[in-house]
Amino acid sequence: MIFKANSNEYLANSVIISPTNPHPGEDVKICYNGLLPQSGASCVHAHIGYGFEWQNTQDVHMTRTPSGFETTVIANNHDTLCVSFKDSANNWDNNNGLNYNFNIQQ
């Protein structure tokens, strides 16, 4: 089973979403200033999937901002938004294999 957290539990890794518990069809802003940018990455993509089986995966380019990298995606109609991050050298931040998983309110 995937552990589903709210964004406050990932603050130590500099991963935040807004709103914290999105609803299906709602825009979700993902903010990331974790391991990859702290290690010098100049380009970061969010690897997005939904549900326990990582359905409808996509890689989304994140825009550099003064506070890190950001992107906005639409919450799909599943119970979990799953996120990991990769840079242009194919280095990954996947929360030590646990990924970053967020509840989608039904």
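1. The β7–β8 pair. In this predicted model, strand β7 and strand β8 (residues 92–93) run antiparallel and are joined by 2 bridges. F85 of β7 stands opposite D93 in β8. The two strands form a hairpin, with 4 residues between them. One residue of the turn, N90, has a positive phi of about 65 degrees.

2. Other partners of β7. Strand β7 covers residues 80–87. With β3, β7 pairs in the antiparallel sense over 7 bridges; V44 of β3 stands opposite D87 in β7. With β9, β7 also runs antiparallel, and 4 bridges join these two strands. In that pairing, L81 stands opposite F102 in β9. A student who follows β7 in the structure can therefore find β8, β3 and β9 as its antiparallel partners, given that two strands count as paired if at least two bridges are found between them.

3. Burial of β7. How many of the residues of β7 are buried? The count is 8 of the 8, so this strand is largely enclosed by the rest of the structure. The side chains fall into two groups: T80, C82, S84 and K86 point one way from the strand, while L81, V83, F85 and D87 point the other way. Residues of both groups are buried, K86 and D87 included. The term buried is used here for a relative accessible area under 20%.

4. The nonpolar core. The largest nonpolar core has 23 residues, and those that touch the most other members are I30, I48, V83 and F85. Which strands each supply at least two residues of this core? They are β1, β2, β3 (44–50), β6, β7 and β9 (100–103). The strand that gives the most is β3, with 4 residues.

5. V83 as an example. V83 is one of the residues on β7 that point the same way as L81, F85 and D87. Setting aside neighbours within four places in sequence, V83 is in contact with I30, A46, H47, I48, W54, N99, Y100 and F102. Among these partners, I30 and I48 are, like V83 itself, residues that touch the most other members of the core.

6. The open sheet. Four strands make an open sheet in the order β1-β2-β6-β5, with antiparallel pairing. Strands β1 (15–18) and β5 (63–65) stand at the edges; each has a single partner strand, so one side of each is left without a neighbour in the sheet. On average, neighbouring strands of this sheet are turned by 30 degrees against each other, direction ignored.

7. Pairings within that sheet. Strand β1 is joined by 4 bridges to β2 (residues 27–32), and I17 stands opposite I30 in β2. Next in the order, β2 and β6 pair over 6 bridges in the antiparallel sense, with T72 in β6 as the bridge partner of K29. Finally, 3 bridges join β5 to β6, where T63 stands opposite E70. These last two strands are also joined by a hairpin through 2 residues. Of the 7 residues of β6 (residues 68–74), 5 are buried, so β6 is largely enclosed by the rest of the structure.

8. A loop residue. Where is N21 found? It lies in the loop between β1 and β2. N21 is partly exposed, with a relative accessible area of 31%. Not counting residues up to four places away in sequence, N21 touches N103 and Q105. Although N21 and L81 are 60 residues apart in sequence, their C-alpha atoms are 9.9 Å apart in space.

9. The chain as a whole. The chain contains 1 helix and 9 strands, following the pattern β-β-α-β-β-β-β-β-β-β along the sequence. A compact globule of 106 residues would have a radius of gyration near 13 Å, and the 12 Å of this chain agrees with that. The C-alpha atoms fill a box of roughly 40 × 25 × 25 Å along the principal axes.

10. Surface and contacts. Of the 106 residues, 42% count as buried. The chain exposes about 5500 Å², of which carbon and sulfur atoms supply 46%. Among contacts between residues at least 6 apart in sequence, 60% join residues at least 24 apart.

Note on methods:
Residues are numbered from 1 along each chain as its sequence is written. This is a predicted model: local features need pLDDT of at least 70, side-chain atom pairs count only at pLDDT 80 or more; totals for chains, interfaces and linings use all residues. Side-chain values use heavy atoms; hydrogens and water are left out. Axes are lines fitted to C-alpha atoms, for helices over the stretch in contact, and angles run from 0 to 180 degrees between N-to-C directions. The radius of gyration is taken over C-alpha atoms; the globule rule is 2.2 Å times the number of residues to the power 0.38. Buried means under 20% relative accessible area, exposed over 50%, partly exposed in between (1.4 Å probe, protein chains only). Contact means heavy atoms within 4.5 Å. Accessible areas come from the Shrake-Rupley method with a 1.4 Å probe; for residues, only the protein chains shown count as cover. A nonpolar core is a set of buried Ala, Val, Leu, Ile, Met, Phe, Trp, Tyr and Cys residues joined through side-chain atoms within 4.5 Å.
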